[in-house]
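Thanks for coming, everyone. I'll walk through one chain today, from the overall fold down to single residues. Please have a look at the display.

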Amino acid sequence: VCSMGNSTSRLYSALAKTLSSSAVSQHQDCLEQPDSAQLDPIDPKDLLEECQIVLQKRPPRFQRDFVDLKKNTASNHRPIRVMQWNILAQALGEGKDNFVRCPMEALKWEERKCLILEEILAYKPDILCLQEVDHYFDTFEPLLSRLGYQCTFFPKPWSPCLDVEQNNGPDGCALFFLKDRFELINSANIRLTAMKLKTNQVAIAQTLKCNETGRLFCVAVTHLKARTGWERFRSAQGYDLLQNLKNITQGAKIPLIICGDFNAEPTEEVYREFSNSSLNLNSAYKLLSPDGQSEPPYTTWKIRPSGECRHTLDYIWYSQHALKVNSALGLLTEEQIGPNRLPSFNYPSDHLSLVCDFSFNQDPDRLL
């Protein structure tokens with residue numbers, strides 16, 4: 001068991017109780033989840049405080065503000081806050097990604113996981129969609145389940161994390177939702193295909209019922225194939241995911257939110273597939289632009305041996321006939337990110353988190 005700091009804190013005690021050799025060894029069979037139901041709940045304020053104690057020698061977390069996108073429409077119900085984030089697999093950050101301007105000290109898991117948890121706790125998502133999760137069983141499932149989330153993990157069949165010495169198992173997609181707000185109706189783990197061949201990329205799609213409104217909606221998380229030269233492959237994976245989601249949502253009768261690292265700029269074919277889909281999807285972060293038609297200039301910014309990489313790859317898509325975006329979390333500025341880019345002592349991943357507040361349209365059928 002790795003302590004989260006030098007002190008024997010309440011959080012360390014909580015973590016120690018969640019871990020056992022049997023739980024950690026289950027990354028060999030990652031679809032079988034350890035049972036955390038018998039563990040005591042954690043107060044999120046206590047967890048945040050413990051994270052901040054561990055991080056006291058690091059610079060403070062960046063200030064990001066929500067941008068109000070409501071257009072004089074009132075809702076009687078609490079919005080649904082959705083967070084999308086590629087958190088950077090620990091094995092890849094330390095062993096494969098070669099962030100040449102990021103000190104190895106900044107990537108220490110004992111502190112970096114506290115930065116990740118601090119970001120999640122700060123924004124309090126009702127639904128959390130993560131990619132590159134390789135510490136699911138020893139960190140995220142034990143802690144988030146005790147914060148009231150229902151947790152699902154689907155690893156890549158051939159994760160590159162497994163090539164790294166002293167890895168913590170494969171990375172994959174993870175989906176978390178608050179059990180006091182939603183009821184799980186259906187869950188599907190999808191291994192994406194391309195040209196009828198199964199690929200190494202996956203998705204999770206869950207149909208939830210909002211306890212407050214009684215409305216059904218589907219949320220999906222995915223992480224498409226990376227790297228230049230694989231554009232047609234990503235397009236095929238996107239097409240396969242859309243076909244699966246059309247079946248799950250009965251052709252858009254059930255509203256849909258899709259979160260993911262698509263590894264694709266808005267100029268790529270897979271982006272156009274989602275934009276033009278019969279599911280009537282829109283990209284939430286376009287709404288931050290002055291005309292509501294342009295994606296942010298970047299969602300990831302890093303420096304590798306090959307040079308500086310500044311791209312827009314991460315998206316939150318939603319059914320625009322049935323859902324509206326009340327607000328979206330502003331991105332970090334270039335000045336905040338700094339000349340050494342990401343990750344850093346301030347920020348734990350090479351990708352920015354995206355957070356949106358959604359509400360249901362009152363008469364979605366009329367807009368179909």
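How many helices and how many strands are there in the protein chain? Nine helices and 15 strands. Bear in mind that this is a predicted model.

Some totals next. The protein chain has 368 residues, and 58% of them count as buried. Take the contacts with a separation of 6 or more: residues 24 or more positions apart account for 77% of them. The accessible surface is about 16,200 Å². Carbon and sulfur atoms hold 47% of that surface.

Now the interior. The largest nonpolar core has 72 residues. Which of them touch the most other members? Ile127, Phe140, Phe176, Phe217, Ile257 and Phe358. Helix H5, residues 109–123, gives the most to this core, with eight residues. There is also a second, separate core of 24 residues. Leu241, Leu245, Phe262 and Tyr271 are included there.

Stay with Phe140 for a moment. Beyond its neighbours within four places in sequence, Phe140 contacts Ile87, Trp109, Ile116, Leu117, Val133, His135, Ser145 and Phe176. Phe140 is also one of the buried residues of helix H6.

So how covered is H6, which spans residues 136–146? Mostly covered: eleven of its eleven residues are buried. That list is not just hydrophobic names. Among the buried residues are Asp138, Glu141 and Arg146. Just after H6, Gly148 takes a positive phi of about 100°.

On to the aromatics. A search of the whole structure finds 19 aromatic pairs. Take Trp85 and Tyr347. Their ring centres are 5.9 Å apart and their planes stand at 50°, so this pair is tilted. Trp85 is in strand S2, residues 80–86, and Tyr347 is in the loop between helix H9 and strand S15. That is a link across 262 residues. Both Trp85 and Tyr347 are buried.

Second example: Phe137 and Phe153. This pair is edge-to-face, with 5.9 Å centre to centre and 85° between the planes. Phe137 comes from H6, and Phe153 from strand S4, residues 149–155. They sit 16 residues apart along the chain. Phe137 and Phe153 are both buried.

There is a cluster as well. Phe262, Tyr271, Phe274, Tyr315 and Trp317 form one aromatic cluster. Two of those names, Phe262 and Tyr271, came up in the second core.

Which charges sit over rings? The charged end of Arg191 is over the ring of Trp158, 5.0 Å from its centre. Lys225 lies over the face of Trp230, at 4.6 Å from the ring centre.

Lys225 brings us to Gln237. Gln237 is in helix H7, residues 231–248. Is Gln237 buried or exposed? Buried, because its relative accessibility is 0%. Leaving aside neighbours within four places in sequence, Gln237 contacts Leu192, Thr193, Ala194, Thr199, Gln201, Leu224 and Lys225.

Asp261 is another polar residue to look at. Asp261 is in strand S9, residues 256–261. Its relative accessibility is 1%, so Asp261 counts as buried. Beyond its sequence neighbours within four places, Asp261 contacts Gln84, Asn86, Gln131, Thr222, His223, Leu224, Leu313, Asp314 and His351. Pick out Gln131. Its C-alpha atom is 7.3 Å from that of Asp261, with their positions 130 residues apart along the chain.

Next, backbone details. Asn263 has a positive phi of about 50°, although it is not a glycine. Asn263 is in the loop between S9 and helix H8. Asn98 also has a positive phi, near 55°. Asn98 is in the loop between helix H4 and H5. Why do we call Asn263 buried? Because its relative accessible area is 15%, and buried means under 20%. Asn98, at 48%, counts as partly exposed.

Where is the cis peptide bond? It joins Leu342 and Pro343, with omega about -10°. Pro343 is in the loop between H9 and S15, and Tyr347 is in that loop too.

Last item: cysteines. How many disulfides does a search of the whole structure find? Zero. Cys102 is buried at 8% relative accessible area, and Cys218 is buried at 0%.

That's the tour. Happy to go back to any residue on the display.

How values were computed
Residues numbered from 1 in each chain as written. Predicted model: local features only at pLDDT ≥ 70, side-chain atom pairs only at ≥ 80, totals over all residues. Heavy atoms only, no water. Disulfide = S-S within 2.5 Å. Buried < 20%, exposed > 50% of the residue type's maximum accessible area, 1.4 Å probe, protein only. Helix = DSSP H or I, 4+ residues; strand = E, 2+ residues; numbered from the N terminus. Contact = heavy atoms within 4.5 Å. Phe/Tyr/Trp six-rings, centres within 6.5 Å; stacked < 30°, edge-to-face > 60°. Lys NZ or Arg CZ within 6 Å of the ring centre and 35° of its normal. Core = buried A, V, L, I, M, F, W, Y, C linked by side-chain atoms within 4.5 Å. Areas by Shrake-Rupley, 256 points an atom, 1.4 Å probe, with all protein chains shown as cover.
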